[in-house]
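Welcome! Here is a short tour of the space inside one protein model and of the ligand that comes with it.

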Amino acid sequence: MYLEKLFGLSGKVALVTGGGQGIGQVVAQGLAQAGAKVVIMNRANVEDTVSLIKSAGGTAMGVQADVTSEKQVDAALQKVLEAYGTIDIVVNNAGICMHQSTLEMTPEDFRRVLDVNLTGTFIVARAAGRIMIGRGIRGNIVNMASMSGSIVNIPQWQCSYNASKAAVIHLTKSLAMEWVDQGIRVNSISPGYIATPMSTDNPAEMNDAFIKLIPMRRMGDARELVPTILAMVSDASGYTTGSDFIVDGGYTCL
Ligand code: NDP
């Protein structure tokens, strides 16, 4: 009973960006299981996750928005307020990765990755922060960083992604400090390799090379991120803000 109260999200409204597939879809289902009303924000394909949650007895809605568009994000959050009246939790999960050597990467490609992963996180966090602060909501934001924010993946080159995730970790700390007096907690999670469309699109030899370097000798399952995220967005971690939680099968110990 005590733990249910600490980790439970009953009565809360939780927004998950990039919740249409992969990690975001699994996290959205986990938040719904903990009792939250869940909002899926994606550029397209919001309905699959909404149906999964509803068919398991949960409550969910979808809003279409590109996280890089301030206008689309504001309009989407307005729809959430009209439907559910509040926004308590944001999981800033939408992200993209480009595998290119730095010599081949164009500034446009570099900017695109930074735009989605970093500026998109800022745009959604700012929009939600304005709502939370304006309405006195002691909310929670979790930003999806990556172990790539503190290590360099080999053998694939992805300087834009690595730089964007390092910046997400520090953006998280910055927002945590700016909003600490308003009772808004902001943390990040840094997964290692998780088997999702983003990682499994890689050639098999590349995934084999990754797995050799993971102390646990396997990729993670997105479900293995859910308990950490539930702890971060619930009262269970009431004294935690500005932290980055690494969930990587031991990779960053090396
Ligand atoms: P996927 O590619 O499987 O899913 C990414 C999701 O983000 C999709 O639903 C996509 O939907 C959405 N998205 C992408 N761009 C935008 C945008 N501009 N606006 C709104 N939504 C967008 O990735 P993963 O599930 O693997 O990754 C999720 C997060 O976890 C990312 O931030 C990633 O960097 C991070 N991560 C992943 C790891 C892994 O090994 N998989 C490891 C560490 C971190 P759509 O294109 O339809 O909008």
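## Where the ligand sits

The largest pocket is the space that the ligand takes up. Keep in mind while browsing that this is a predicted model.

## Around the ligand

Let's look at the shell first. There are 28 residues around the ligand, and those that come nearest are Gln21, Arg43, Asn93, Tyr161 and Thr196. By type, the shell divides into 15 nonpolar, 10 polar and three charged residues. Helix H2 (22-33), helix H6 (159-178) and helix H7 (197-200) each contribute at least two residues to this shell.

Which polar atoms does the ligand meet? A polar side-chain atom of Thr196 is 2.4 Å from one of the ligand's oxygen atoms. Backbone atoms take part too: a polar one of Val67 lies 3.0 Å from a nitrogen atom of the ligand, and a polar one of Gly18 lies 3.4 Å from an oxygen atom of the ligand. On its own the ligand has 880 Å² of accessible area, and the protein covers 91% of this.

## A cavity as well

The structure also holds one cavity of 30 Å³ or more. About 30 Å³ of space lies in the largest cavity.

What lines the largest cavity? The lining consists of Thr17, Val67, Asn92, Asn93, Ala94, Val116, Asn117, Gly120 and Thr121. Helix H5 (residues 107-135) provides the largest share of this lining, with four residues. Three of the lining residues are nonpolar and six are polar, with no charged ones.

Two names are worth a second look: Val67 and Asn93 are among the residues lining the largest cavity. Asn93 is also one of the residues that come nearest to the ligand, while Val67 offers the ligand a polar backbone atom at 3.0 Å.

Terms used: Residues numbered from 1 in each chain as written. Predicted model: local features only at pLDDT ≥ 70, side-chain atom pairs only at ≥ 80, totals over all residues. Heavy atoms only, no water. 1 Å grid on protein atoms, 1.4 Å probe; cavity = no way out; pocket = protein on both sides within 12 Å on 5 of 7 lines; lining within 4 Å. Points joined across faces, edges and corners; volume = space filled by probe spheres on them. Nonpolar A, V, L, I, M, F, W, Y, C, P; charged D, E, K, R; others polar. Near = heavy atom within 4 Å. Polar contact = N/O pair within 3.5 Å; in protein donor to acceptor, adjacent residues only side chain to side chain. Areas by Shrake-Rupley, 256 points an atom, 1.4 Å probe, with all protein chains shown as cover. Sits in = over half its atoms within 2 Å of the grid points.
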